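Hi everyone, thanks for coming. I'd like to walk you through a structure that may be new to you, so please have a look at it with me.

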Amino acid sequence: DHGPLLILAGAGSGKTTVLVSRTGRLIGEKLAPAERICVLTFTNKAAQELKNRVAKKLGAAAKGVWAGTFHGFGLQFLKEHHKEAGLPQRFGVIDAGDAEAVLKDLLRDHRTYEKAQMNLQLLMSKISYFRQNGRDSKLDQSIESAASIVLTPKYVSRLRNLGVVDFEELLLRPMRMLCESDVLRAKMQSRYDFVMVDEFQDTNATQMQLIDQLINEKRNIAVVGDDDQSIYGWRGAEIQNILGFPKRYRDCNVIWVSLDALQAA
């Protein structure tokens, strides 16, 4: 129950069921009160399903579990710490369409790039990669890569001037704030005794760093994922997060879960 735990469960084996069982047992056996458990997911549907199923099992005792998406966690964090983030109290969150509109506006100031008729989605993905990796970004010879070097700082600056964040910033800014502030990191680490992550194979480098900042000295981090790297690498996930987890968190227990075992549970 304590310490780092990697649970490998293949496609269709019910990863959410694993987390429901674990969350229910932690609360039911009084290993942790509900409000000291944080479950990070990739969809609101998975988070809601987990909360509903744990509540069905335990009733009122389950109230208080924090379960939500990485972006939902980042949004709550920025709302709570908007001053430290340099954001207005009622900052806005822009979607992909609004982000492209900001980008188009910036391109008008760079006629060379505007006339190049770039692929905006590709340009946005290059900017995203540049924001995550900075100077270490591996850029190709495309016009979008060249433009991303020039436009990334301008794009970030424009969002700040507008007092808004995009979806990427919901992860990047909390991660960087926690990395840079001992006070904020200690505050968040003291909030949760157990952190769990669903669909861990889908995490990227930013999400992995965010997870690292939430883990306190008890190292109670449990992740559930599928290590079939041939499926997930193309979506921007860092498959090394799951393959290298036992090395990252030493003394990690690794459990393989089969569909038959879950159906019998």
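I'll begin with the sheet, move on to two helices that lie against it, and finish with one residue.

Please keep in mind that this is a predicted model.

So, how many strands form the sheet, and in what order? There are 6 of them, and reading across the open sheet you meet β3-β2-β6-β7-β1-β8, with parallel pairing. At the edges stand β3, residues 66-69, and β8, residues 253-257; each has a single partner strand, so one side of each is left without a neighbour in the sheet. From one strand to the next, the twist averages 15°.

Let's zoom in on one pair. Strand β2, residues 37-41, runs parallel to β6, residues 194-197, and 4 bridges join the two. If you look for valine 39, you'll find methionine 196 of β6 standing opposite.

Now for the helices. Helix α3, residues 70-80, packs on the sheet and touches β2, β3 and β6. The direction of α3 makes about 110° with that of β3. Helix α2, residues 44-58, lies across β2 and β3, and runs at about 165° to β3.

Finally, please find isoleucine 127, in helix α7, which spans residues 120-133. Is isoleucine 127 buried or exposed? Its relative accessible area is 0%, so isoleucine 127 counts as buried, the cut-off being under 20%. And what is isoleucine 127 in contact with, leaving aside its neighbours within four places in sequence? The answer is Leu103, Ser148, Leu151, Thr152 and Tyr155. Alanine 147 is 20 residues away along the chain, yet its C-alpha atom and that of isoleucine 127 are separated by 8.6 Å.

Methods. Residues are numbered from 1 along each chain as its sequence is written. This is a predicted model: local features need pLDDT of at least 70, side-chain atom pairs count only at pLDDT 80 or more; totals for chains, interfaces and linings use all residues. Side-chain values use heavy atoms; hydrogens and water are left out. Two strands pair if DSSP finds at least two bridges between them. Helices (H or I, at least four residues) and strands (E, at least two) are DSSP runs, numbered from the N terminus. Axes are lines fitted to C-alpha atoms, for helices over the stretch in contact, and angles run from 0 to 180 degrees between N-to-C directions. Contact means heavy atoms within 4.5 Å. Buried means under 20% relative accessible area, exposed over 50%, partly exposed in between (1.4 Å probe, protein chains only).
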